[in-house]
Amino acid sequence: MTLVLALKETPPVPLEAERISPDVLQGLSREDVLNLEAQLGNRRVRLREFFEVDGEGSEEIVLRGDLSRVKYVGRGMTRGRIVIQGNAGMHLGAEMRGGEILVEGNASDWVGAEMRGGLIRIQGNAGNQVGAAYRGSPRGMRGGTIVVQGSCRNEVGMRMRRGLIYVGGRCGDFAGLQMLGGTLVLAGGAGIRAGGWMRGGTIVSFQEIRLLPTFLYACTYRPTFLRLIERHLEALGCPLPQGVGDAPFALYTGDTSVPGKGEIFVRAVEWKT
Amino acid sequence: MQVNGVRIEDAFAEAFPMWGARVVITAATPRWALVAARTMTGFATSVIGCGCEAAVERFWPNTPDGRPGVSVLVFATSRDRLRRALVDRIGQAVMTCPTTACYNGLSAEESEPVGSALRYFGDGFQRRKRIGPKRYWRIPVMDGEFVVEEHFGVVQAVGGGNFLIFGCDEEAALAAARAAVRAARAVEGVALPFPGGVVRSGTKVGSRYRFLTASTNDPYCPVLRTRTKTALPPEANAVYEIVIDGLAEGPVREAMRRGILAACREGVVSISAANFGGRLGPYHLRLQEVLAGPLS
């Protein structure tokens with residue numbers, strides 16, 4: 001059975017609702033769900049003040065309305081599924097370990113920050129620091145998959161260590177900043193300084209991107225593992241707009257200013273010599 | 001019992017437990033995938049002398065990377081021997097072959113680390129990629145990268161399913177053997193590891209020479225009809241054996257059934273099976289039961 005929470009009105013200030021998670025809600029009665037606490041600015045409130053609830057606690061949660069001011073939905077969740085029929089607020093699925101979150105609208109900053117497992121899918125656009133590390137934290141995303149079918153803003157995948165981020169639209173500046181591992185796939189290209197201070201990991205761009213001069217061209221070839229990523233994304237219902245096919249990719253390594261062992265693959269129009 | 005006028009002896013094939021794995025090899029073209037698969041399965045006819053038994057299974061339709069692929073089945077008498085065979089053969093025959101990649105083709109509860117053993121060839125330049133639930137190693141080579149899955153599934157399998165085709169002459173026996181191999185190979189999950197799927201040097205356990213563990217199966221050698229206690233029908237002048245390993249008993253039985261039916265043709269005197277008096281393996285595949293169809 002699905003639990004439906006419909007937002008009655010947009011909170012005047014951000015509502016921190018990290019208890020909206022299958023781990024917390026499963027098994028709770030409707031009344032228990034309505035009485036759960038959330039943080040609104042500097043005061044504690046009950047969910048009943050902002051949500052209408054239909055059904056009982058379950059592993060499948062549907063949120064309706066413009067939740068762009070509702071933060072921390074699905075934080076640390078380990079199982080179940082959340083569907084947001086509207087926009088999502090900051091820190092969606094932060095530190096998530098399992099399960100799935102689907103956003104049918106746009107999402108704000110820090111989607112999947114420091115997540116360790118599971119799947120987050122944004123059908124619209126996302127904000128800054130998708131899958132990134134919190135300020136002062138050494139590692140960002142450590143596992144799982146984030147799919148953003150629209151565009152993203154800055155610092156996507158900052159200090160990510162493992163996992164896969166796919167951005168269908170254009171990405172802002174500093175994509176993969178200080179990246180340590182994992183894979184960042186940019187179907188729509190990226191702004192400036194992609195891979196800056198990158199120590200490890202893989203960035204794949206299907207569009208020409210302006211690389212820092214501290215990335216060195218290695219060769220042009222057909223990386224087999226990109227086909228594995230392509231098929232993995234296909235299985236998630238997210239086919240790459242331009243399939244990998246037999247296209248060659250130019251490989252750049254860096255960031256040599258760190259120095260780093262990262263790699264940036266840029267889809268090549270022709271074999272570079 | 002007779003099929004198409006060919007006598008089916010009341011005999012049983014004595015099969016034994018093995019460990020098996022399926023390897024999916026992909027490459028830029030079907031030809032290169034097949035070249036790698038054939039190279040990998042070279043000198044892998046019998047565990048007695050080769051350490052493992054392996055054969056090309058079929059073209060694999062839906063490969064992990066979407067390129068043309070061929071599946072190979074590998075069998076050994078223990079998990080450890082199977083792991084070593086996989087590491088050696090993938091390392092020497094698949095990684096060396098242009099454009100190839102190598103993946104696990106078996107969903108199994110147990111697995112052996114293969115890619116993680118091969119990664120050292122990368123001399124520190126290798127990279128690991130986790131894609132979904134699976135882990136892969138990317139080993140730099142001279143035409144790009146060799147991608148190999150970290151773990152390969154292994155299952156308890158069945159080795160040594162067999163039947164013997166007694167022909168009135170070599171041509172008839174060989175034609176029947178070829179027809180049997182074609183029919184048996186159509187079954188998924190079986191390997192016929194001998195040359196062309198056919199054995200002419202059937203073995204018995206032991207030898208008069210102490211340093212040999214197996215020697216020629218003299219009761220089935222026509223040239224020894226007068227010098228040993230022969231097991232040959234009077235009309236038989238050539239015998240071929242079809243040996244079948246499988247990932248489970250069911251596919252071995254089905255491959256035997258199809259193979260025997262295909263072998264029952266003109267010039268074949270009878271069909272029998274090789275066993276060791278029930279001392280070698282726990283699977284006793286009686287030919288007449290096998291022909292009755294799949295087990296319920």
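**Pockets, a cavity and salt bridges**

Q: How does the lining of the second largest pocket split by class?
A: The lining of the second largest pocket has 11 nonpolar, 10 polar and five charged residues. Nonpolar here is Ala, Val, Leu, Ile, Met, Phe, Trp, Tyr, Cys and Pro; charged is Asp, Glu, Lys and Arg; the others, Gly among them, are polar.

Q: What kind of model is it, and how are things numbered?
A: It is a predicted model, with local features needing pLDDT of at least 70 and side-chain atom pairs pLDDT 80 or more, while totals for chains, interfaces and linings use all residues. Residues count from 1 along each chain as its sequence is written, chains are lettered from A and ligands numbered from 1 in the order written, and side-chain values use heavy atoms, without hydrogens or water.

Q: Back to that second pocket. How much space is in it?
A: The second largest pocket holds about 560 Å³, a volume being the space filled by probe spheres set on grid points joined across faces, edges and corners. On a 1 Å grid over the protein atoms alone, a pocket is an open set of points with protein on both sides within 12 Å along at least five of seven lines, a cavity is a set where a 1.4 Å probe fits but cannot get out, and lining residues have an atom within 4 Å of a point.

Q: Which residues are closest to its centre?
A: Of the 26 that line the second largest pocket, Phe16(B), Ser46(B), Ile48(B), Thr203(B) and Phe276(B) are the closest to its centre. Elements giving two or more residues to that lining include strand 3 (12–26), helix 2 (47–50) and strand 11 (151–167) of chain B. Helices (H or I, at least four residues) and strands (E, at least two) are DSSP runs numbered from the N terminus.

Q: And the largest pocket, what's its volume?
A: About 790 Å³. Its lining has 30 residues, and Gly201(A), Lys261(A), Gln126(B), Arg127(B) and Arg128(B) lie nearest the centre. Both chains contribute elements with two or more lining residues, among them strand 12 (162–167) of chain A and strand 9 (134–141) of chain B.

Q: Which element gives the largest share there?
A: Strand 8 of chain B, with four residues. By class, the lining of the largest pocket is seven nonpolar, 11 polar and 12 charged.

Q: How many cavities of 30 Å³ or more are there?
A: One. The largest cavity has a volume of about 40 Å³, and its lining is eight nonpolar residues with no polar and no charged ones. Among them are Val185(A), Phe206(A) and Leu240(A). Helix 3 (residues 224–235) of chain A gives the most to this lining, three residues.

Q: Changing topic: how many salt bridges over all chains?
A: 29, where a salt bridge is a side-chain nitrogen of Lys or Arg within 4 Å of a carboxyl oxygen of Asp or Glu.

Q: Which residue does Lys204(B) bridge to?
A: Asp218(B), with the closest N and O atoms 2.8 Å apart. Lys204(B) is in strand 13 of chain B and Asp218(B) is in the loop between strand 14 and strand 15, so the pair ties together parts 14 residues apart in sequence.

Q: Is Asp218(B) buried or exposed?
A: Buried, at 16% relative accessibility, whereas Lys204(B) is partly exposed at 27%. Buried means under 20% relative accessible area, exposed over 50%, partly exposed in between (1.4 Å probe, protein chains only).

Q: What about Arg81(A), which residue does its side chain meet in a salt bridge?
A: Glu100(A), at 3.5 Å, N to O. Arg81(A) sits in strand 8 (residues 81–85) and Glu100(A) in strand 9 (residues 100–103) of chain A, 19 residues apart.
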